[in-house]
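Trainee: Could we go through this one together, a piece at a time? I'll ask, you reason it out.

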Amino acid sequence: MEIIADLQVHSKHSRATSKDLSLSNLEKWGKIKGLNLIGTGDFQHPKHRLEIDEYLREDEKGILWSDEGFAFLWQSEISLMYSDKGKRRAVHLLVFVPNHEVADKFTNYLKSKGRIDYDGRPIFGIKARDFVKDLKDIDERIEIIPAHCMTPWFGIFGSDSGYDSLKECFEDQTDKICAVESGMSADPEMIWRMKQNIHVVSFSDAHSFWPWRIGREATIFDVEELSYGNIMKAIRTGEGIKATIETPPEYGKYHWDGHRNCNFSCNSNETKKLNGLCPVCKKNMTIGVESRIDLLAKEKEGYKDKFHKPFFKLLPLHELISLNISSPIESAKTWRVYNEIINKFENEFNVLLNINKIDLLKEGIDERLVQLIMLSREGKLKVKAGYDGEYGVVQMPKTDETTSST
């Protein structure tokens with residue numbers, strides 16, 4: 001059973017999220033995207049928990065089902081901010097639990113540490129090592145995964161407040177961490193170079209339900225049947241992870257170094273020449289993922305560690321349509337083309353991954369858009385790298401850039 005899963009989302013009760021972010025909208029647009037499984041997001045938040053209990057029903061395998069037969073998994077994200085080894089640390093961790101009973105125990109644990117009602121992604125001053133031990137003491141089946149592991153502000157390997165290794169962060173609990181989430185500004189190939197001997201998964205960290213957000217990164221599982229146990233076994237062992245879906249890392253908000261307010265960005269080589277200082281304001285730049293990988297890497301580009309899995313680098317279909325017709329990603333013109341394509345080909349992932357070039361053309365899809373879809377599928381689209389909170393910008397290819405017929 002192939003499952004395309006996005007297991008890092010939020011509710012409308014998290015900061016900077018859509019006020020219309022609901023389970024029903026996640027289900028609706030998850031189907032259109034081509035997802036089979038989505039995280040509940042923020043399950044410990046009191047108001048969101050009421051929605052989960054009202055909208056979903058849990059089966060004996062730990063999967064939550066809507067009335068329409070769409071699957072969700074108990075999932076949340078917690079922000080830990082504390083001092084360790086003489087440095088400020090800020091680490092975001094994904095938490096998965098096997099059923100509502102363990103969800104209640106986890107919620108009560110958080111209540112004993114502070115408030116949980118002010119933000120769907122609450123902040124606690126708990127050391128990451130202690131947090132993992134406490135959760136495993138509650139129930140060994142709880143899974144903890146460092147989220148967007150390379151981003152500067154809240155990634156476990158981030159340049160601003162992260163660590164140089166899993167061992168430095170989790171100490172004697174390191175063996176309880178089986179995977180890291182790549183984040184948009186990195187891809188698995190970059191993470192392999194650090195030789196952390198860890199599985200890599202990928203999820204969207206969606207703050208809205210729109211199809212250019214939800215599922216923009218995802219993990220493809222191949223399991224005998226859908227259950228919490230089988231999904232977590234795949235994450236823990238790698239057996240059952242078929243591939244991950246990534247955006248090109250340049251598309252992410254923190255791939256290069258720079259200053260958004262100074263309208264300046266550069267790659268890691270240029271940063272070294274500048275000694276990390278912005279040439280506009282003369283202050284330290286926000287150091288992105290590329291530079292951080294260059295610092296921590298133990299292997300050269302192209303290295304594959306023993307846990308490596310295939311991955312696809314894809315841009316959202318809305319992004320490709322927007323580029324093709326020179327219209328904003330959320331415009332009515334872009335939506336019109338998107339809806340026409342989805343009506344013909346069932347869901348977005350089917351278009352981005354499966355439908356061949358000839359069949360797209362047969363259905364009257366614009367030839368230049370088909371070319372962009374093929375280039376995206378083959379990882380050949382160029383993106384001007386994002387930096388300091390700014391998304392990367394997809395570049396229109398030159399007319400002589402070609403693709404295969406598949």
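Mentor: Sure, what follows is a short round of questions on a sheet, one residue and a helix pair, and keep in mind that this is a predicted model.

Trainee: Let's start with the sheet: in what order do its four strands run?

Mentor: Go pair by pair. β6 pairs with β8 (residues 123–124) in the parallel sense over two bridges, and with β7 (residues 87–96) in the antiparallel sense over ten. β7 also pairs with β9, antiparallel, over four bridges. That's an open sheet with mixed pairing, and the order is β8-β6-β7-β9.

Trainee: And which strands sit at the edges?

Mentor: An edge strand pairs on one side only. In the order β8-β6-β7-β9, that description fits β8 and β9 (143–146).

Trainee: Which residue in β9 stands opposite L94?

Mentor: Look where β7 and β9 run antiparallel, over four bridges. Across from L94 you'll find I145.

Trainee: Is β6 largely enclosed or open?

Mentor: Count residues under 20% relative accessible area, the cut-off for buried. In β6 (residues 75–84), eight of the ten residues pass, so the strand is largely enclosed by the rest of the structure.

Trainee: What's the phi of K85, in the hairpin of β6 and β7?

Mentor: The hairpin leaves two residues between its strands. At the far end of the pairing, Q75 has F96 as its bridge partner. Back between the strands, K85 takes a positive phi, near 55 degrees.

Trainee: Does E58 count as buried, partly exposed or exposed?

Mentor: E58 lies in strand β3 (residues 57–58). Beyond its neighbours within four places in sequence, E58 is in contact with I63, L64, W74, N99 and H100. Buried needs under 20% and exposed over 50%. E58 has 29% relative accessibility, so it counts as partly exposed.

Trainee: On to the helices: how are α10 and α14 oriented to each other?

Mentor: The axes of α10 (residues 317–325) and α14 (residues 367–377) come within 10 Å and cross at roughly 135 degrees. Roughly antiparallel would need over 145, and roughly perpendicular stops at 115. That makes α10, relative to α14, oblique.

Trainee: How many nonpolar residues are in that contact?

Mentor: From α10 you have L317, L320, I321, L323 and N324, meeting R368, L369, L372, I373 and S376 of α14. Sorted by class, one residue is charged, two are polar, and the nonpolar ones number seven.

Trainee: Last one: what's the handedness of the crossing?

Mentor: The axes cross at roughly 135 degrees. For α10 and α14, the crossing is right-handed.

Notes
Residues numbered from 1 in each chain as written. Predicted model: local features only at pLDDT ≥ 70, side-chain atom pairs only at ≥ 80, totals over all residues. Heavy atoms only, no water. Axes fitted to C-alpha atoms, helices over the stretch in contact; angles between N-to-C directions. Parallel < 35°, antiparallel > 145°, perpendicular 65-115°, else oblique. Left-handed = near helix turned anticlockwise from the far one by under 90°. Contact = heavy atoms within 4.5 Å. Nonpolar A, V, L, I, M, F, W, Y, C, P; charged D, E, K, R; others polar. Buried < 20%, exposed > 50% of the residue type's maximum accessible area, 1.4 Å probe, protein only. Pairing = 2+ DSSP bridges.
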